[in-house]
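Reader: I'd like to learn how to read a model like this one. Could you walk me through some of its features?

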Amino acid sequence: MSESFETILKHAGLNLPIDEINRLSPYFELYSETLKQLYEADLTAHEPANQFIADN
Amino acid sequence: MPNSLHFMTIAEASKLIANKELSPVTLTESFLERIEALDGSLKSYVTLLKDEAMHEALVAEKDINNGDYKGPMHGIPIGVKDLYDTKGIRTTGQSKVLENRVPLEDSTVVAKLKSAGAITLGKLSMWEFALGGPDTSIFEISRNPWNLDRQPGGSSSGSGTAVAAGLCMGALGSDTGGSIRIPAAFCGIVGLKPTYGRVSRRGVLPLAWSLDHCGPMAWTVEDTALMLQAFAGHDHLDKTSVNIDVPDYTFNLAKSLKGLKVGIPRHYINSPLVGTDSDVIDSFDSGLALLADLGAEIVEIEIPSLAYATTANTLIMIAEAFSYHRENLISQPENYGDSVRGSFILGGTYTSGDYQRALRARSIIRDEFKAILKEVDIIATPSQSAPAGPFNFDLLALLMTPNYWAPYNETGMPAISVPSGFSSDGMPIGIQFAGRPFEETTVLNVGHVFQTSRGLLDNRPIL
């Protein structure tokens, strides 16, 4: 997991020291696990609208 | 005249000021003396504007004596969260990254409050960049006046502390994922997050552009209404500001709740994922009983998307925050506190597909709330899952724990936290009321009637 985390960080332009990667790795795993909720939910029919308020 | 000037409400003080029975100078001096006496341990102010406040008080007094009374905020001493730009006064977001930043202009909200005659006592402590948790950055973190070993909630921590402790009559907060409502609930005061677009965010340091809201914090619902009245409204310099008439927020405050439909998402409140404390549930249930006694109709509602509302809000928040902070995270990471740096970095690990997914989730959340608000007038929940705890909490884990605040940042609906009771160990507990977009009047009405009937108005922390 930490290798994948490191790859994603580099893609984001972040070159973190190893102790920072080790500190954040457990949270990356937690966040990745939580993210699954959004991929398991049926969201396909919904446009990612930005107009939260206007049509109310 | 009440003995304790610092525990008067804005509504009480403004009537006395308007009648020239209370001097803004005397009132401001009283607050500055109390800050001097207590804030050494409470740490709510990061910049005290003693000379400026006294000058503003003298001007207010002169104007009022000359017949130029500007309204209920005239001569009222307030505090300003240290992310609102203040002309010529350091505004840091409580971060070393902006340690020496001095804005050239006031934010729109601060400018409007100044025009209304409010007196700025100083800039208030907050969690770094409106997200960072217990880390100490350039300033210390404020303490909870009900128990100095407990945290006051954040990110508008100094605002919660200062209002509860009687170190200002009202304060400005900001709310991207609960940052007005959390410290309001933890400190036993009122915090209102208005509708997205209702209050200008120009000149306010952003956390996440699509979720950020500015709003008032005060001891009473009526006082938040008076504050909101002074700074709500369209601002052509803020592209997210909405051009809709501003109503009189105090007109219907005391209206009967008879027939008001209050929806309760009991499935979420009882969810083990939220893990709501039993004292909080007891306080909430007795609050509902009071609402029923006051004539409201309590109905159970189902909002399935609440299951992922916190995840979507946190993803959007830290992804947007990362895009704002990316350059500084690369060039000066050491100037961020550990918690805020970690959360922003994690925001940078999401893909565009993830962000898109969260926006689609937000769309469903909005649609479900919109449908429910055709059936009920107000949605009520606890304001928090647990009373204020110690300072050593894990912000990064907490951000992914389901909560009661996120849905209203995602939908932009107005939401208010009002004191509802106390835990068995004496910490405040709040109840949250949310309403239809731009119907702050309904939210303020239910909040005011609840607060004035609940019997907690005289419960102040002993300091």
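Author: Happily! This is a predicted model, and a helix pair makes a good start. Helix α2 (residues 18–40) of chain A packs with helix α11 (residues 338–347) of chain B at an angle of about 55 degrees, the axes being 10 Å apart.

Reader: How is the angle between α2(A) and α11(B) to be described in words?

Author: Angles under 35 degrees count as roughly parallel, and 65 to 115 as roughly perpendicular. The pair α2(A) and α11(B) is therefore oblique. As for handedness, the crossing of α2(A) with α11(B) is right-handed.

Reader: Which residues make the contact between α2(A) and α11(B)?

Author: From α2(A) come A:E20, A:R23, A:L24, A:Y27, A:F28 and A:Y31, while α11(B) supplies B:D338, B:R341, B:G342, B:I345 and B:L346. Sorted by class, this contact of α2(A) with α11(B) has 6 nonpolar, 4 charged and 1 polar residues.

Reader: What does chain A look like as a whole?

Author: Chain A has 2 helices and 0 strands. Of its 56 residues, 36% are buried. The chain exposes about 3,500 Å², with 52% of that supplied by carbon and sulfur atoms.

Reader: Let's turn to chain B. Why is helix α5 of chain B described as largely enclosed?

Author: Here the cut-off helps: buried means under 20% relative accessible area. In α5 (residues 157–164) of chain B, 8 of the 8 residues are buried, so the rest of the structure largely encloses this helix. The buried residues are B:S157, B:G158, B:S159, B:G160, B:T161, B:A162, B:V163 and B:A164.

Reader: What about the backbone just after α5(B)?

Author: There you find B:G166, with a positive phi of about 75 degrees. On the other side, look at the loop between β3 (119–124) and α5 of chain B, where B:S155 lies. A cis peptide bond joins B:G154 to B:S155, with omega about 15 degrees.

Reader: Which residues other than glycine have a positive phi?

Author: Two to look at are B:Q94, with phi near 55 degrees, and B:F129, with phi near 50 degrees. B:Q94 sits in the loop between β2 (77–81) and α4 (108–115) of chain B. B:F129 belongs to the loop between β3 and α5 of chain B.

Reader: Is B:Q94 buried or exposed, and where does B:F129 stand, buried or exposed?

Author: Apply the cut-off of under 20% again. B:Q94 has a relative accessible area of 1%, so it is buried. B:F129, at 5% relative accessibility, counts as buried too.

Note on methods. Residues numbered from 1 in each chain as written. Chains lettered and ligands numbered in written order. Predicted model: local features only at pLDDT ≥ 70, side-chain atom pairs only at ≥ 80, totals over all residues. Heavy atoms only, no water. Helix = DSSP H or I, 4+ residues; strand = E, 2+ residues; numbered from the N terminus. Buried < 20%, exposed > 50% of the residue type's maximum accessible area, 1.4 Å probe, protein only. Areas by Shrake-Rupley, 256 points an atom, 1.4 Å probe, with all protein chains shown as cover. Axes fitted to C-alpha atoms, helices over the stretch in contact; angles between N-to-C directions. Parallel < 35°, antiparallel > 145°, perpendicular 65-115°, else oblique. Left-handed = near helix turned anticlockwise from the far one by under 90°. Contact = heavy atoms within 4.5 Å. Nonpolar A, V, L, I, M, F, W, Y, C, P; charged D, E, K, R; others polar.
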